[in-house]
Amino acid sequence: MKKLIKYILFVLAIVLADQWTKWLVVENIPLYGHVDFIPGFLGFTYTQNTGAAWSMLSGQQWLFVLVFAILTALLLLEYFKFRMPFTTAERWLIAAVYGGGLGNVIDRVRLGYVVDMIRTEFMDFPVFNVADCFISCGCILLILHMIFFNKDFWKEEKK
């Protein structure tokens, strides 16, 4: 139970960081306004995204909330009932992905869209937010860790 509390606190820290940065942008940058951070490299542009990555499934807020609710139920089932062979590092990465997802779901329920603001200027890439960073990086690192460092996860159970 102590580990669960640590994961929950980590998720809450991610949500707070995400919501705080979104609040800062909404309060200080007009919609579609831009502020250079590192000229030619990184800046902040306030946008409102009603879809997922690259605005896919735009306007389908109910679908994103439903998927997040199902993910929540599956995570609770796994943690309390099934206990899959995830390593501690993988559980932290799952918490990072979940925290990012929760940050974006809060926007979807509260606002009907997700506030995005981080713009890469050195390459053409969609505007994103702090939650997206935790979701993307967490997923990539989780997959890599499971492939290269958690051989037990892929073993077939002996009967």
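1. Thr47 has Asp116 of strand E3 as its bridge partner. Strand E2 (residues 42–49) and E3 run antiparallel and are joined by 6 bridges. Strands are DSSP runs (E, at least two residues) and helices likewise (H or I, at least four), numbered from the N terminus; two strands pair if DSSP finds at least two bridges between them.

2. The model is predicted: local features need pLDDT of at least 70, side-chain atom pairs count only at pLDDT 80 or more, and totals for chains, interfaces and linings use all residues. Residues are numbered from 1 along each chain as its sequence is written, and side-chain values use heavy atoms, with hydrogens and water left out.

3. The order E1-E2-E3 describes an open sheet of 3 strands with antiparallel pairing. Strand E1 (34–38) and strand E3 (114–120) are its edge strands, each pairing on one side only.

4. The largest pocket (an open set of points on a 1 Å grid over the protein atoms alone, with protein on both sides within 12 Å along at least five of seven lines, for a 1.4 Å probe; lining residues have an atom within 4 Å of a point) is lined by 33 residues, and Ala52, Ala53, Asn104, Asp132 and Ile135 lie nearest its centre. Elements giving two or more residues to this lining are E2, helix H2 (61–82), H3, E3 and helix H4 (130–149). H4 gives the most, with 6 residues.

5. The second largest pocket is lined by 14 residues, among them Leu4, Tyr7, Leu75, Leu76 and Tyr98, which lie nearest its centre. Helix H1 (2–28), H2 and H3 each give two or more residues to this lining, and H2 provides the largest share, 6 residues.
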